[in-house]
Every structure is written in C-alpha cells, then in structure tokens.
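Here are a few exercises to work through with the structure open. Try each task yourself before you read its solution.

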Amino acid sequence: MRVPEELSHLLRTIREPIVCSKCADEIAAGTAGAVSLRDYTRLEAGLTARGLQLWCIRHDLNVAHVDFDNSQPEVDFRCIERKVN
Ligand SMILES: [Zn+2]
C-alpha cells in the first residue's frame, strides 16, 4: 500500500512491542496453549491524568503508564484503512 510520506506514521511502525509480563510468562511456560503472545495478550490503552496507560485485561493489572510530565504531546488519532476491491 502506497502511503504519502506525511502519513507514514499512521502505518504500523512498532519497533519494540510493550507486553504484559504475566502474559509473556504464560506463553513461555506453555500454559497459554499454542498461541502467539500477540494473539494472547489483551491490552487496553487509555489517557489518564498522568499520561497514557496500558492495562492487561486478562490479568487486570498495569502494563505501563507513560508520564507526559504535564506536557501535551502531539497525538494523531487518524487511521488508514486498506481498500478492498
Ligand atoms: Zn497479562
């Protein structure tokens, strides 16, 4: 899919996934069954008074909480969808 350079940040550009350590442990131990960590993890993301929190729905615990340090970083909520012909 050709995307203009100014929109390329809207494509998946994750370099280091953030994962729930308990989900990762269960995948590593084989107790989650034959499933990938990406398919097993159930994360919820949302804005908080502090910044951005990632929450594991499966384990009901914090995965990461990013502190915006009272700044307002630029956030782009647009998405790009592939055309189905
Ligand atoms: Zn988890």
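**Exercise 1.** Work out how the donor residues of the zinc ion are spaced in sequence.

*Solution.* Start with the pattern: the spacing reads C-x2-C-x32-C-x2-H. Next, put numbers on it: C20 (SG), C23 (SG), C56 (SG) and H59 (ND1) coordinate the zinc ion at 2.1 to 2.4 Å. Donors here are N, O and S atoms within 2.8 Å of the metal (3.2 Å for Na, K and Ca), and water is not among the atoms, so sites may look incomplete.

A word on the model: it is predicted, so local features need pLDDT of at least 70 and side-chain atom pairs 80 or more, while totals for chains, interfaces and linings use all residues. Residues are numbered from 1 along each chain as its sequence is written, and side-chain values use heavy atoms, leaving out hydrogens and water.

**Exercise 2.** Find out whether C56 and H59 are buried or exposed.

*Solution.* Both C56 and H59 turn out to be buried (under 20% relative accessible area, with a 1.4 Å probe and protein chains only; exposed is over 50%).

**Exercise 3.** Trace the order of the strands in the open sheet.

*Solution.* First, the order: three strands run β1-β2-β3, with antiparallel pairing. Then look at the edges: β1 (43–47) and β3 (61–67) each pair on one side only. Strands are DSSP E runs of at least two residues, numbered from the N terminus, and two of them pair if DSSP finds at least two bridges between them. Last, zoom in on β2 (residues 51–56), which pairs with β3 over six bridges: G51 sits opposite D67, and W55 opposite N62.

Key
Helices (H or I, at least four residues) and strands (E, at least two) are DSSP runs, numbered from the N terminus.
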